[in-house]
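Trainee: I am new to this structure and would like a close look at one part of it. Please take the empty spaces in and around the chains, and then go on to whatever residues help me find my way.

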Amino acid sequence: MFLTADEVKKIAHLARLKINDQDIHGYAKDLSDMLNLMTQMGALNTEGINPMAHPMDQEQRLRPDEVTECDNREKFQAIAPQVEAGLYLVPKVID
Amino acid sequence: MNEQWETVIGLEIHTQLATKSKIFSGAATAYGAAPNTQACAVDLGLPGVLPVLNKEAVRMAVKFGMAIEAEIAPYSVFARKNYFYPDLPKGYQISQFELPIVGAGHLDIEIDGTSKRIGITRAHLEEDAGKSLHENFHGLTGIDLNRAGTPLLEIVSEPDMRSAKEAVAYMKKLHELVRYLGISDGNMQEGSFRCDANVSVRPKGQKQFGTRAEIKNINSFKFVEKAINYEIDRQIELIESGGKMIQETRLYDSVKDETRSMRSKEEANDYRYFPDPDLLPVVVNEEFKAQVKSTLPELPHARKQRFKQQYLLDEESAALLTSSRQLADYFEAVIKESGCEARLCANWVTGDLSAALNKAGLDIIDTPVSHERLAGLLVRIADNSISGKIAKQVFEEMWKNAATADEIIAAKGLRQISDTGAIETIIDKIIAENPDQVEQYRSGKDKVFGFFVGQVMKEMHGKANPGEVNKMLKAKLADSHLKTKG
């Protein structure tokens, strides 16, 4: 399979990546190669093998429900571009 | 509603779990803190941080699963749901997709006296996003991330509901259940219990579902009913006038009582879920399940059935008393403390007490009249120290101060007079003073009896034992009847 230019643009938009038109063909080729590799792997016989959700064959450790973090708002907001009334300010977005 | 059309509704309910700390960080979840004072590096999505799962959130999800008789996944996986929005700092929400912690279960609702089973497809754990404040920041948006990372259980129903009424009944039942289990405070004003409704219509008899609209973020029972009903009418009207439904997300405007399309984003549903590499699979073993099971309370439905059998209550009272765990506990505590008949206790808890709580806008946990004090009052009704009417007076006093019923009865001299001598004197006096009424009674006007009771009670300031008054009056009037005849 080979991805179309439109598909590459859509993927870039979903990831909010700005790409140049002249690079699209190269991305299409690289991404298509990856997908083709997946297709190849898909041909392997995996009967009787449980799918893994993580490369490490371990289970999630659980944390006790305790409040361990204190208020560090000032420190965090010192590195934010714009703050007011304790809020982080961002360009206006209305859903 | 239109007879040719059938409505199909499925609900997705987000319920905030009542943990102290967040699902993946040790920041507090308390409501109402100053903006961003409960948002730590993990919640802000700063580089290099790692999420660590809160055990209590897992326990609560498992507890819920057991209550709806669902399969609990022995192995479940967290996934990233990718989308961009300023109140989602990481650019993805940690949720569950393919392997949720709670599998298929069910909840029974009651509609007009008949029971209907609503399927629950799944329930999964996820983190909440922050809040965007759009007002008045020089054209900018303010972001508060205190809520980011708060644990949510998203409960997805099957499309089993056929009317707005059924949807509300299901939502109420679920709301009652999560509070019973103690896994959520269910506070709808604070957004602890929010609902998205998937609504579609199809011609009656058609198997295939119609195209659905999803109504987002409805936060009250009333609005759920109104939003769904508006949407049903809109869809039927659209299709009947030759239009075509499009699958879309809509918002309910409670002021205008209508739903309207949200600005359509063509890629909105392209979330590109994939397993979160920062989190390992969650394993729930038998030991964990057994431990959670030992903490399961008696569930509302079972408790209601028990109340009906053990206390011989009617359906309505039993349902009312078990509508919250605290109310049911209070009721049983009153019975235990007073040793009075369940019927009397039920009448007072669902009657005067509930009315006073409603009037004051209080929940049972904040009742100024403790179960001990109410029990004290009921004991005095049961042993005939006071009449039901006087008891209401005593209750009003108890509501206002901390005195016991006995203290109030003593202080106000409200003890009922059962002394037959005292009652007899008054009865004789009333009979002597009202020869006309005696005449009427004698000629068969039974209604006049009430007049005599009223007069005696008035004379004795309501404190006479009504049973005693009735009995003696009857005897006396019969007696005077004979006398006059003779």
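Mentor: What follows goes through the cavities, then a pocket, then chain A, and ends with a few single residues. Keep in mind throughout that this is a predicted model.

Start with the enclosed spaces. Rolling a probe the size of a water molecule over the atoms shows where empty space is left. Searching the whole structure in this way gives 2 cavities of 30 Å³ or more. The largest cavity has a volume of about 40 Å³. The residues that line the largest cavity are B:D43, B:L88, B:P89, B:K90, B:Y92, B:E127, B:D128, B:A129, B:A148 and B:G149. Sorted by class, this lining holds 5 nonpolar, 4 charged and 1 polar residues.

The second largest cavity holds about 30 Å³ of space. Its lining takes residues from chain A, namely A:A53 and A:H54, together with B:V77, B:F78, B:P275, B:D276, B:L279, B:L280 and B:P281 from chain B. By class, the lining of the second largest cavity has 7 nonpolar residues, 1 polar and 1 charged.

Next comes an open space. The second largest pocket has a volume of about 620 Å³. Its lining is made up of 23 residues, and those nearest the centre of the pocket are B:K172, B:K173, B:E176, B:A319 and B:S323. Several elements of chain B each give at least two residues to this lining: strand 6 (105-111), helix 3 (164-181), helix 4 (221-240), helix 6 (300-310) and helix 7 (315-321). Helix 3 of chain B provides the largest share, with 8 residues. The lining of the second largest pocket divides into 10 charged, 8 nonpolar and 5 polar residues.

Now turn to chain A, which lends two residues, A:A53 and A:H54, to the lining of the second largest cavity. Chain A has 3 helices and 3 strands. Read from the N terminus, the order of these elements is α-α-β-α-β-β. The radius of gyration of chain A is 23 Å, whereas a compact globule of 95 residues would have one near 12 Å. The C-alpha trace of chain A spans about 55 × 45 × 25 Å along its principal axes. Of the 95 residues in chain A, 20% are buried. The accessible surface of chain A is about 7,700 Å², and carbon and sulfur atoms account for 56% of that surface. As for contacts in chain A between residues at least 6 apart in sequence, 31% of them join residues at least 24 apart.

One pair of residues helps to show the extent of chain A. A:A78 belongs to helix 3 (residues 73-78) of chain A. With a relative accessibility of 63%, A:A78 is over the 50% cut-off and therefore counts as exposed. From A:A78 to A:L3 there are 75 residues in sequence and 44 Å in space, C-alpha to C-alpha.

A pair in chain B can be set beside that one. B:R250 sits in strand 13 of chain B. B:R250 counts as buried because its relative accessibility is 7%, which is under the 20% cut-off. B:R250 and B:R260 are 10 residues apart in sequence, and their C-alpha atoms are 5.2 Å apart in space. Leaving out residues up to four places away in sequence, B:R250 touches B:A213, B:E214, B:I215, B:K216, B:E231, B:R234, B:T259, B:R260, B:S261 and B:M262.

Two loop residues remain, and both concern the backbone angle phi. Most residues other than glycine have a negative phi. A:A85 is a residue other than glycine with a positive phi, near 50°. In chain A, A:A85 is placed in the loop between strand 2 (83-84) and strand 3 (87-91). A:A85 has a relative accessibility of 59%, so it counts as exposed.

In chain B, B:D257 is likewise not a glycine and has a positive phi of about 50°. The loop that holds B:D257 runs between strand 13 (248-253) and strand 14 (258-261) of chain B. B:D257 has a relative accessibility of 31%, so it counts as partly exposed. Strand 13, on one side of this loop, is the strand in which B:R250 lies.

Notes. Residues numbered from 1 in each chain as written. Chains lettered and ligands numbered in written order. Predicted model: local features only at pLDDT ≥ 70, side-chain atom pairs only at ≥ 80, totals over all residues. Heavy atoms only, no water. 1 Å grid on protein atoms, 1.4 Å probe; cavity = no way out; pocket = protein on both sides within 12 Å on 5 of 7 lines; lining within 4 Å. Points joined across faces, edges and corners; volume = space filled by probe spheres on them. Nonpolar A, V, L, I, M, F, W, Y, C, P; charged D, E, K, R; others polar. Helix = DSSP H or I, 4+ residues; strand = E, 2+ residues; numbered from the N terminus. Rg over C-alpha atoms; globule rule 2.2 N^0.38 Å. Buried < 20%, exposed > 50% of the residue type's maximum accessible area, 1.4 Å probe, protein only. Contact = heavy atoms within 4.5 Å. Areas by Shrake-Rupley, 256 points an atom, 1.4 Å probe, with all protein chains shown as cover.
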